[in-house]
Amino acid sequence: MLQTLWLSSPGSQVSREPGCHCDGKQTGWKCGFVRTITQHPCPRYDPKCPGKARMLKKIQICLCFFFVSGILYEISLLSGCCFSYMPMSKNFLTPEQVLNLGKSIIFLETTERLEPPPLVSCSVESAARIYQDRPIILFMKGLTNDTALDLNSSYVAFSLLSSMKNVFIFPLQMEIVFQETPLLQWYNQVVPEQEKNWIHVSSDASRLALIWKYGGIYMDTDVISIRPIPEESFLAAQKSKFSSNGIFGFPAHHKFIWDCMENFVLKYNGNIWGNQGPFLMTRMLKAICNLTDFKGTEDHSCQNISFLNPQRFYPIPYPAWSRYYEVWDKSPSFNHSYALHLWNFMNHNRKTVVAGSNTLAEKLYKAYCPTTYKDLIQNAKLRDVTHSEDAA
């Protein structure tokens, strides 16, 4: 708000609104500057005084205008509009600042690796393209605050993702993530080296804590987004009466997620794969809802939680996961799907996307993560060919 400047009678001090609040502070340098040049008003009989008064008012208005413009610019960097320009400005934001914007799409990497494989890169890129007005956050366990990785990183995928305007890559610091949740006590007592499924269990816990604290959508790093999910509070049915935890979304501080964290600790058994993951989500959903079979492509709803049809994310069920890496006579349209889960956990033989193979997965890469396809699939093949020729 612009403050009114009153010129006093000769010999008196200049009075104004207390503290000069142009910049929200009592002694901002801009208002201090205005005070300095107005401390000695001209005498009433000075013919030049009206002109000086007008000049001082103009200076005041200009200074406040520039300050307000600066404030609005800084606010814009913390809003959705920042993703349309100035990509480097995001480097100054902390995880909490980005997460507090709400509606984040969250990915987790709980291994120590620093080079995201092509499927991880494709998942993040596809989300960044589909949700251009939302922050896409990849938390990496192997990344620390001291790790010097940026756009010039030798890790191709890291550089690729870092260059995307709405993608943020942060260290995954579990001791901070679990603060003020039921999971903190469990985390302080568990011994990761003695846990059979620690990579999965720690991921199951982290996704719950992050969504409870900040809200948004969690996605596994083998999920390719193909259209926006219209729901805010949802679970993804892997099949009738069974929920996955590979994709889910809730607003911050939702009771269902808090109850899941409490049950995570109460029923903890790290030796059973999925006990803290899809089995947790399923038993918690069954506790409050009467689940029935899906008969078509309809979604179910219970207590303001949408239980989305398996077609939304799992049109190809896990027993048939390898079909993503096969050539189809006619590719499916996936008209009823929001995203596709490629079941990387089942991919023990490490099938990959190969340029020119014409598999379903290759077509998905071309359509939904073209930069990943170009840089990590096509160019990788060219580098391999060049390297072979040089070796010969």
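Here are legends for a few close-up views of this predicted model.

**View 1. Cys122 and Cys369 are joined by a disulfide.**
Let's start with some chemistry: a disulfide is a covalent bond between the sulfur atoms of two cysteines. In this view, the sulfur of Cys122 sits 2.0 Å from the sulfur of Cys369. Cys122 is part of helix α4 (residues 118–130), while Cys369 belongs to the loop between α11 (360–368) and α12 (370–391), so the bond ties together parts that are 247 residues apart in sequence. Look along the S-S bond and you'll get a torsion of -85°, a left-handed link. Are these two cysteines buried or exposed? Both Cys122 and Cys369 are buried.

**View 2. A disulfide also joins Cys289 to Cys302.**
Searching the whole structure turns up two disulfides, and here the S to S distance is 2.0 Å. The torsion about the S-S bond of Cys289 and Cys302 is about -100°, so this disulfide is left-handed. Where do the two ends sit? Cys289 is in the loop between α10 (278–288) and β10 (300–302), and Cys302 is in strand β10 itself, 13 residues apart. Cys289 and Cys302 are both buried.

**View 3. Cys260 is tucked out of reach, being buried.**
Here's a quick stop at one residue. Cys260 has a relative accessible area of 0%, and anything under 20% counts as buried, so Cys260 makes the cut.

**View 4. Eight strands make up an open sheet.**
A reminder before you trace it: strands of a sheet pair through backbone hydrogen bonds, either parallel or antiparallel. Follow the strands across in the order β5-β4-β3-β6-β9-β8-β11-β10, and you'll find that the pairing is mixed. Which strands stand at the edges? They are β5 (167–171) and β10; each has a single partner strand, so one side of each is left without a neighbour in the sheet. On average, neighbouring strands of this sheet are turned by 25° against each other, direction ignored.

**View 5. Strands β6 and β9 pair up in the antiparallel sense.**
Now zoom in on part of that sheet. Strand β6 covers residues 216–219 and strand β9 covers residues 242–250. How many bridges does their pairing run over? There are four. To see bridge partners, find Tyr218 and then look for Phe248 in β9.

**View 6. Helix α8 lies across four strands, namely β3, β4, β6 and β9.**
Helix α8 takes in residues 198–214. Among the strands it crosses are β3 (105–109) and β4 (136–140). Compare the helix with β9, and you'll see α8 running at about 35° to that strand.

Key:
Residues are numbered from 1 along each chain as its sequence is written. This is a predicted model: local features need pLDDT of at least 70, side-chain atom pairs count only at pLDDT 80 or more; totals for chains, interfaces and linings use all residues. Side-chain values use heavy atoms; hydrogens and water are left out. A disulfide is a pair of cysteine sulfur atoms within 2.5 Å. Buried means under 20% relative accessible area, exposed over 50%, partly exposed in between (1.4 Å probe, protein chains only). Two strands pair if DSSP finds at least two bridges between them. Axes are lines fitted to C-alpha atoms, for helices over the stretch in contact, and angles run from 0 to 180 degrees between N-to-C directions. Contact means heavy atoms within 4.5 Å.
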